[in-house]
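Hi,

Here is the model I said I would pass on. Have a look at it first, and my notes follow below.

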Amino acid sequence: RAKIILGIFKLAKILTENKVDILHTHCFSPNIYQLAAYMSRVTVTFSTIHSTAGYSPYWEKVFKHFTTKYIAISEQVKKYAIDDLQIPSDKVELIYNGIDLQRFMKNKIDRENKLAKLRIDADKKIITNTGRVTEAKGQIYLIRAAKIVLKEFPDVHFLIVGDDKADKKTAQKLKDMVRAEGLSDYIAFTGIRQDVPEILAITDIFVFPSLWEGFALAILEAMAAGVPIVATDVGSIREVLIDKENGLIIPPKDAVALTEGIKFMLSNPERAKEMGLKGRKAVEEKFAIENTVRGYEELYLKEFSK
């Protein structure tokens, strides 16, 4: 607590010394760093809400008086901000998150060489999940599904790509589960990787089993790479995917539905490829990072010029 208080004073000093005009925070409730803006007389403040969980209606009742505008990263998050957090609708702006499409557009890659570097046989089909290894990301359901899928499709290899240190207890539980089920040769935890675009370029199916989300950038990245997707019906997924059109949407916490989704993609490669291409087109039209930047620029200029 003392560190947080010290942080507020340090931030206030930085804001004052640098004559900052706008403070934009990305904090869960209570967003106490807004106090630094008040202390340093920064009059324009923004707070981005990134999820449909983890925020407090009580604290936002207080801190909304210090906040010029809230930014919701999806329609679902905007609804949550208004309905659950009781933030006035005129204080909430919708600006979708976006990605740098060029990083994820499928380019020519030596698939066999990349698989060799990952210690995977060249004839394997790759099913990938990216994201922190935590309970909220639902990887336990992917592992349960993998056990069933492998009985029918033994030529599949699963990659769980992302930070496995953020929630060490959950990560260890999942790794122990993989070993206990005899799946160590079929499921790899890669940890944080800097080559996610390349991994997506060799991925045949992208699986997103999250239990809740605000707005899943991982989905956009897979779409930009043209990879067919099986995702749970959480957060803003339906603002991005159209079921059976550019992906498959399944219920969360349902390993059976996840299994069936994966098996459908494996059994229908042409249909899966078509979904992937439609997904890429959708992300190009709506979720380029340039659109996000433009939205923030317009909001900053509008509010600062008042």
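**What I found**

Let me start with a crossover: β1, helix α2 (residues 34-39) and β2 form a β-α-β unit that is right-handed. Keep in mind that this is a predicted model. The two strands of that unit, β1 (residues 22-25) and β2 (residues 44-49), run parallel and are joined by four bridges. If you want a spot to click on, His24 sits opposite Phe46 in β2.

Then there's an open sheet of six strands, with parallel pairing and the order β7-β6-β5-β8-β9-β10. β7 (187-191) and β10 (248-250) are at the edges with a single partner strand each, so one side of each has no neighbour in the sheet. On average, neighbouring strands here are turned by 20 degrees against each other, direction ignored.

Within that sheet, β5 (residues 125-130) and β8 (residues 205-208) run parallel and are joined by two bridges. Thr128 is the residue facing Phe206 in β8. Helix α7 (residues 139-152) lies across β5, β6 (156-161), β7 and β8, and runs at about 170 degrees to β6.

Phe206 comes up again in the packing. The largest nonpolar core has 48 residues, and Phe206 and Ile219 touch the most other members. Helix α10 (residues 217-224) gives the most to this core, six residues. Leaving aside residues up to four places away in sequence, Phe206 touches, among others, Thr128, Leu200, Ile219, Ala222 and Val230. There is also a second, separate core of 35 residues, including Ala145, Phe153, Leu183 and Ile250.

Cheers

Technical notes. Residues numbered from 1 in each chain as written. Predicted model: local features only at pLDDT ≥ 70, side-chain atom pairs only at ≥ 80, totals over all residues. Heavy atoms only, no water. Pairing = 2+ DSSP bridges. Axes fitted to C-alpha atoms, helices over the stretch in contact; angles between N-to-C directions. Contact = heavy atoms within 4.5 Å. Right-handed = clockwise from strand over helix to strand, strands pointing away. Core = buried A, V, L, I, M, F, W, Y, C linked by side-chain atoms within 4.5 Å. Buried < 20%, exposed > 50% of the residue type's maximum accessible area, 1.4 Å probe, protein only.
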